[in-house]
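Subject: Structure for you to look at

Dear colleague,

I am passing on the structure we spoke about, together with some notes on what turned up in it. Please have it open while you read.

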Amino acid sequence: MTPAKAETLEWLVQRVTAAILAVCVVVHLAVIVIAVQGGVTAAEIVGRVAGSVPWLLFYSVFVIAVALHAPAGLRNILRETTNLGKRQTHWIMALVCGVILVMGFRAVIGLYGLEA
Amino acid sequence: MSEQTITVDIWRGREDGRFQTFEVPRMASQTVLDVVTYVQRNLDPGLSYRFACRVGVCGSCAMTVNGKPRWTCRTHVDKVAGDATGGRLKIQPLRNLPVIRDLAVDMAEFFEKWTQAKAHFVPTKTRDDDFQQVSPDDPQRKEATAGIECINCGVCYAGCDTVAGLASYLGPAALNRAWTLVNDVRDGGQADRLKAISGVGGCQSCHTQQTCFELCPKHLNPTAAIAGLKRATVKALIKGDL
Amino acid sequence: MSHRNHPVYWAFLVHRLSGLALLAFLPFHFYVLALAIEEAATLDKFLSWTEAPLVKLAETVLIIALAAHMTGGLRILAVEFLAWRDWQKSVVAVTGGLSVAAGLIFLLNAG
């Protein structure tokens, strides 16, 4: 891929995931405000998401969008404030993407699989 | 008024220089360029700076005045040396460009980026063709008109934090010029230009901080122009033209 | 430096810092959620810790950061994809107001 294609594609991915995340975050904030009333308990979280396919899908989209969105922003910061080379920057981006996917899906799938 | 003076700190030397302080008589309607010229003609003939037209057309006299890049010939002392600065003037060369000496910077890299951005007209017609008709009401013509009055002063380039952080970034002026050409129906260099303004240091690097828009002495809006380029590159990407 | 002293630049700074803060918080967030799978009691112990006033305050800051990054992101999308409007500074003010409001709503419901 030419640098022109790669930069444009990455910029587009960052924007498209931003639009998806905006919707996810609105829902997330609403859930937080509702859940926090009277204190959050493990049973409450498990009761809501365990075995629920809609919540599984929602949180899967949320995690994937974050995993694609965050490395792009981090790349800009690394480029503008450090002397790291292209290769090192790419490894850091891949690592951040991987960590978010693995940790995110461990939590999402784990909570879905629990007994309600 | 003529009895009063203003204290002026002027940068001397290259990057590793220092400030030198001068007292300059105040005059009515005095510009920052008038102050610098007074110093050079009356106090220190060795002071290096650059100017030509003195009326805001040529774009050669930009300097950093009290922390902000400005066109000095059209910047009144009254406007910039208020109470907030203790009535003093602090004049430095433009940021983001190598200092040649004192207040003169090397603009070569600024103009090289215009070339890199392919910000030049590529003709498609010959003298045998008829004139191209472009209506002043055409939306593309309006986009081009909005950005065409750039005087290449370098104020936006000096103010841009993305240029400061990313050396390869083409900068607001070159990209703004490229956008005027993207909107020129007579131009034949569109595909090459869109490739040139994408990639590392291209239009996607802009963070829409809008400092260029804030500072442009001609009130142009490079941020909006660069946004237009971003959309144009996405269209080209989808069509497979990038 | 005074060339940076304008609202849209502050908005950029908030966007960058909030993004970095959210990224740093994320692994911790996922780790705590994963606790629910292993041991619900451990999670409840942790959740009761979040009732402490200082932790509530930190959570409020995170909520504001999340809301600020989201509203700021929508602002950037509007600048880049919609026609230019001369309301830039007003939009920055609105995103700031909404973010603080989100923090206050959280704090009122958490109290």
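The notes below cover a helix pair, then one chain as a whole, and then a contact between two chains.

Please bear in mind throughout that this is a predicted model.

The helix pair joins chains A and C: helix H1 of chain A, which spans residues 3-36, and helix H3 of chain C, which spans residues 53-81, have axes that come within 10 Å and cross at roughly 140°. Angles over 145 degrees would count as roughly antiparallel, and H1(A) and H3(C) are therefore oblique to each other. Their crossing is left-handed. On the H1(A) side the residues that meet H3(C) are Arg15(A), Ala18(A), Ala19(A), Ala22(A), Val25(A) and Leu29(A), while H3(C) brings Leu66(C), Ala67(C), Met70(C), Gly73(C), Leu74(C) and Leu77(C). Sorted by class, this contact has 10 nonpolar residues, one polar residue and one charged residue.

Turning to chain B, you will find 10 helices and seven strands, with C-alpha atoms that fill a box of roughly 65 × 35 × 30 Å along the principal axes. The chain has 242 residues, of which 46% count as buried. Among its contacts with a separation of 6 or more, 66% are between residues 24 or more positions apart.

Chain A also touches chain B, with 12 residues of chain A in contact with 13 of chain B. On the chain A side, H1 and helix H3 (53-81) are the elements that give two or more residues, and H1(A) gives the most, with eight. That side has five nonpolar, three polar and four charged residues.

Best wishes

Note on methods: Residues are numbered from 1 along each chain as its sequence is written. Chains are lettered from A and ligands numbered from 1 in the order in which they are written. This is a predicted model: local features need pLDDT of at least 70, side-chain atom pairs count only at pLDDT 80 or more; totals for chains, interfaces and linings use all residues. Axes are lines fitted to C-alpha atoms, for helices over the stretch in contact, and angles run from 0 to 180 degrees between N-to-C directions. Helices (H or I, at least four residues) and strands (E, at least two) are DSSP runs, numbered from the N terminus. Angles under 35 degrees count as roughly parallel, over 145 as roughly antiparallel, 65 to 115 as roughly perpendicular and the rest as oblique. A crossing is left-handed if the near helix is turned anticlockwise from the far one by less than a right angle, and right-handed if clockwise. Two residues are in contact if their C-beta atoms, placed from the backbone, lie within 7 Å. Ala, Val, Leu, Ile, Met, Phe, Trp, Tyr, Cys and Pro count as nonpolar, Asp, Glu, Lys and Arg as charged, and the others, Gly among them, as polar. A residue is buried if 20 or more other C-beta atoms lie within 10 Å of its own, exposed if 12 or fewer, and partly exposed in between; C-beta atoms are placed from the backbone.
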